[in-house]
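Trainee: Could you give me a close look at the aromatic rings in this model? I'd like to know which ones pair up, and where they sit along the chain.

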Amino acid sequence: MEYHLQTPLKIEEIKKLNAGDIVYISGEILTARDEAHARILEMEEKGEELPFFLTGAVIYHCGPLMQQTGKGEKGEWKVISAGPTTSGRMSKMTHPLLKAHEVRAIIGKGGMKGVSDTLKNRCVYLAYTGGCAALAAELIKEVKTVHWLDLGMPEAVWVLRVQDFGPLIVGIDAKGKDIFAEVREKAEKVYEGMQK
């Protein structure tokens with residue numbers, strides 16, 4: 001099935017998605033890598049309010065390359081490249097993140113280990129093809145704002161307006177089905193069979 005979704009995402013929309021479905025996202029997405037995840041969790045622990053909303057949000061594991069075209073720290077920006085980052089690095093931080101915030105979709109590449117139970121009835125993992133950084137940049141229509149530039153350009157949280165961002169494949173659905181885990185398991189069985 002193919003779905004065109006608009007942010008903020010509703011839990012009902014997420015629950016109807018199945019692993020293998022194709023999704024296109026329009027609306028607002030936020031980039032977040034290792035450092036941003038760590039800061040979000042640190043602020044949560046201290047009871048501090050985030051400068052952006054994560055209810056119904058889509059987090060994109062991405063460290064974009066940006067060019068500043070306006071003045072001031074949060075001046076106008078142009079997206080040069082915005083390909084997905086390997087999601088595995090954020091696996092351990094995903095459980096506390098989703099426990100504290102109603103993030104509905106995570107976009108990245110390569111899948112995430114040990115998060116399928118955490119995603120159940122909460123969130124989906126959407127896989128975006130690595131090497132599509134230029135295509136991704138074309139689908140980003142506006143850089144709305146940026147937070148935490150002190151972390152560096154790739155680690156900052158960029159708030160982006162996208163139109164039909166995709167195609168994204170549902171790699172882990174909200175029912176717990178994980179395509180990446182299934183492929184790994186099959187590959188390991190084949191490898192074991194070859195060793196005998």
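Mentor: Helices (H or I, at least four residues) and strands (E, at least two) are DSSP runs, numbered from the N terminus. This is a predicted model, where local features need pLDDT of at least 70 and side-chain atom pairs count only at pLDDT 80 or more, while totals for chains, interfaces and linings use all residues. Residues are numbered from 1 along each chain as its sequence is written, and side-chain values use heavy atoms, with hydrogens and water left out.

Let me warm up with a loop. M90 sits between β5 and α3 (91-100), and it counts as buried because its relative accessibility is 0% (buried is under 20% relative accessible area, exposed over 50%, partly exposed in between, with a 1.4 Å probe and protein chains only). Its C-alpha is 7.2 Å from that of R33, although the two positions lie 57 residues apart in sequence numbering.

Now to your rings. Searching the whole structure turns up five aromatic pairs (ring centres of Phe, Tyr or the six-membered ring of Trp within 6.5 Å; planes under 30 degrees apart are stacked, over 60 edge-to-face, the rest tilted). Take Y60 and F165: their ring centres are 5.3 Å apart and their planes meet at 70°, so this pair is edge-to-face. Y60 belongs to strand β3 (residues 58-60) and F165 to strand β9 (residues 157-172), so the contact ties together parts of the chain that are 105 residues apart in sequence. Both Y60 and F165 are buried.

Another edge-to-face pair is made by W77 and W158, at 5.0 Å centre to centre and with 80° between the planes. This one also joins distant parts of the chain: W77 is in strand β5 (residues 77-81) and W158 in strand β9, 81 residues apart. Both of these tryptophans are buried too. As for Y128, it joins Y60 and F165 in one aromatic cluster.

W148 is worth a stop of its own. You'll find W148 in the loop between β8 (140-147) and β9, and its phi is near 65°, a positive value in a residue that isn't glycine. At 13% relative accessibility, W148 falls on the buried side of the cut-off. R39 lies over the face of W148, 5.3 Å from the ring centre (the rule asks for NZ of Lys or CZ of Arg within 6 Å of the centre and within 35 degrees of the ring normal). N121 is another non-glycine residue with a positive phi, near 60°, and N121 also sits in a loop, the one between α4 (116-119) and β7 (124-127).

Back to strand β9, which gave us F165 and W158. P167 lies in β9 as well, and the peptide bond leading into P167 from G166 is cis, with omega near 5°. The bond joining T7 and P8 is cis too, with omega about -5°; P8 is in the loop between β1 (2-6) and α1 (11-15). From P167 you can also reach across to A134: the two are 33 residues apart in sequence and 14 Å apart in space, C-alpha to C-alpha. A134 is part of helix α5 (residues 133-139), and it counts as exposed because its relative accessible area is 53%.

Strand β5, home of W77, has a link of its own. S81 and Q67 are 14 residues apart in sequence, with their C-alphas 9.7 Å apart. Q67 lies in strand β4 (residues 65-68) and is partly exposed, with a relative accessible area of 41%.

One last thing, since a bench person will want to know about the cysteines. The disulfide count is zero (the rule needs two cysteine sulfur atoms within 2.5 Å). C62 counts as buried, given its 0% relative accessibility. C123 is in no disulfide, and the nearest cysteine sulfur, that of C62, is 17 Å away. C123 is likewise buried, at 0% relative accessibility.
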